[in-house]
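Grab a coffee and open the viewer beside your notebook. Here are a few short exercises, each with a worked solution to check against your own.

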Amino acid sequence: MSKVMTMTDAIAAHVHDGDVLVIEGFTHLICFAAAHEIIRQGRRRLTLCRLTPDLVYDQMIAAGCASKLVFSWAGNPGAGSLHAFRRAVECDPPAIEIEEYSHFGMVARLSAGAARIPFWPLRDYQGTDLPAANARIRSVTCPYTGETLATVPALNPDVTIVHAQRADADGNAQVWGLLGTQKEAAFASKRVIVVAEELVDASVIRADPNRTLIPGVIVDAVVVEPWGAHPSFAQGYYDRDNEFYVAWDRIGRDPQSLQQYLDAWVHGIADRAEYVRRQPDLVARLAARPAMSGEVNYGY
Amino acid sequence: MMAVAAARELRDGEVVFVGIGLPNLACLLARATHAPNLVLIYESGAVGARPARLPLSIGDPALVTGSLMVCGMADVFQCFLQSGRIEAGFLGAAQIDRWGNINTTVVGDYARPRVRLPGSGGAPEIAIHARRTLVITRLDRRAFPERVDFITSPGHRDRAGVTRQSSGMPGAGPVRVITDQGILAPNAESGQLELAAVFPGAEIETIRRSVQWPLSLRSPLERVGAPTEVELRTLREVVDPGRVFLK
């Protein structure tokens, strides 16, 4: 049965006030289209989790959607600070709560969540101040070797949104290029929304099953949204909009210009299709050039 | 000069965990000159990357095209880093103290920060597991305090004076701190950072004044040679022709 729906319906059905939310993708395939729809629908008190909050959560923090941020690196990758985030944590008292790990810690939390075990052990955090700053970073004595290992608790989001290059109507989603923690986050989550650049027939998925990262059996909704990850990128579809990432440093620095951005590019438009229509230069600037892979023989 | 000095620290055939900015320039320069078989691993999951353009971020699509392998981040941190397969890792630092402890988290108190910095990323696990860590940061008195405000990534001794070996850290930690004026390195016995090498034109007294602890000089003090014609030309014409990171 088809799970395809509009972004508006998918967010309305699956993202609620107070949810623990993951919009996944490490630099690659970050679903800004979903974030903008969440902002438009006025969700509040969300706990936002990502390794790198990136511009996507900076915008959601600025829009007032978040009460808490769970993260491991809060910068604008390659281009400076996340200013809405900084304003929210540098003010007194802080406007949002934070819970902070390292990248490995966040990866381990999602791995534990995906495996449905309560924690994940890792060799990490010795000699650092992170366990003092975050009481949920703890330790365990290994029952086999007697050594002390750090532990982090499972992260089981209420909803995870993953962006994929292509998916079928049942939500079987194929991803290539940087994979982030998309698989772990989806398996850890109670509900999963797959957003795809392209909707394909199930036969396309079945012709190349090793490329399926998210199986349809764990997916609740499928949204087809070309350019839905812009200004992040989709390998083979469009490049990262580095100009926008650099420009965000200036936009985000001033709360008023940030608000103007949200008014113009989030609240002021209906959906992603309009967002793309109003930037006719996107294709010329960012559309990917072909670099096709070879074929493999799945026969027996 | 920092990128050149960092590139010279890398040996051919090594597996290197690359960061963006100067570490990236250093790795690409090393690969274009004396270390053609360097294997570059980015935390985003690209292994054996050969970016055709200088990536602005750690997750650039150019890292994927033509790489040897692309894996998920759980594999990066568990199968590569924690399992001890990374020979050299690069770290930046907002603050670094006399024991090589690095702060990239906050300036001031953690709960009420004066300046909120990005935080850990993969730095703590790189500092713990890479067989050796190379730190790149500009020399500045505020950036080289006696004690950092927050230990994001461990150096050679923790706040209680316990050494990294006795805390069970497998890697050697920050073995070189490459600044714009010279290179600091840990004393073999104490683990305290001392001046190991100076760059052309740098003055030892200036370097000493730029560090908040009494800086010892290693004997003999290494004098680093100026960048060669080949190194400069490679940096400017091959690695960063658009002057994204080169000033």
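The exercises below go through the two chains and the place where they touch, using a predicted model.

**Exercise 1. Find out how confident the prediction is for chain B and for the model.**

Solution.
- Step 1: Begin with chain B, whose mean pLDDT is 95.
- Step 2: Then ask how much of chain B reaches 70 or more; the figure is 100% of its residues.
- Step 3: Finish with the scores of the model, which are ipTM 0.96 and pTM 0.97.

**Exercise 2. Work out how compact chain A is for its length.**

Solution.
- Step 1: Count the elements of chain A: there are twelve helices and 14 strands.
- Step 2: Compare the radius of gyration of chain A, 19 Å, with the 19 Å that the globule rule gives for 300 residues; the two are close, so chain A is as compact as a globular protein of that length.
- Step 3: Add the dimensions: along the principal axes, the C-alpha atoms of chain A fill a box of roughly 60 × 55 × 35 Å.
- Step 4: Look inside the chain, where 52% of the 300 residues of chain A count as buried.
- Step 5: Turn to the contacts in chain A between residues at least 6 apart in sequence; 75% of these join residues at least 24 apart.

**Exercise 3. Do the same for chain B.**

Solution.
- Step 1: Chain B holds six helices and 14 strands.
- Step 2: Its radius of gyration is 17 Å, and the globule rule gives 18 Å for 247 residues; these are close, so chain B is as compact as a globular protein of that length.
- Step 3: The C-alpha trace of chain B spans about 45 × 40 × 35 Å along its principal axes.
- Step 4: Of the 247 residues in chain B, 51% count as buried.
- Step 5: Among contacts in chain B with a separation of 6 or more, 62% come from residues 24 or more positions apart.

**Exercise 4. Describe the side of chain B that touches chain A.**

Solution.
- Step 1: Start with the counts: 42 residues of chain B are in contact with 42 residues of chain A.
- Step 2: Identify the elements of chain B that give two or more residues to this side: α3 (73-82), β9 (113-116) and α4 (123-129).
- Step 3: Pick out the element that gives the most, which is α3(B), with four residues.
- Step 4: Sort the residues on this side of chain B by character: 20 are nonpolar, 15 polar and seven charged.

Methods: Residues are numbered from 1 along each chain as its sequence is written. Chains are lettered from A and ligands numbered from 1 in the order in which they are written. This is a predicted model: local features need pLDDT of at least 70, side-chain atom pairs count only at pLDDT 80 or more; totals for chains, interfaces and linings use all residues. The radius of gyration is taken over C-alpha atoms; the globule rule is 2.2 Å times the number of residues to the power 0.38. A residue is buried if 20 or more other C-beta atoms lie within 10 Å of its own, exposed if 12 or fewer, and partly exposed in between; C-beta atoms are placed from the backbone. Two residues are in contact if their C-beta atoms, placed from the backbone, lie within 7 Å. Ala, Val, Leu, Ile, Met, Phe, Trp, Tyr, Cys and Pro count as nonpolar, Asp, Glu, Lys and Arg as charged, and the others, Gly among them, as polar. pLDDT is the predictor's confidence in each residue, from 0 to 100.
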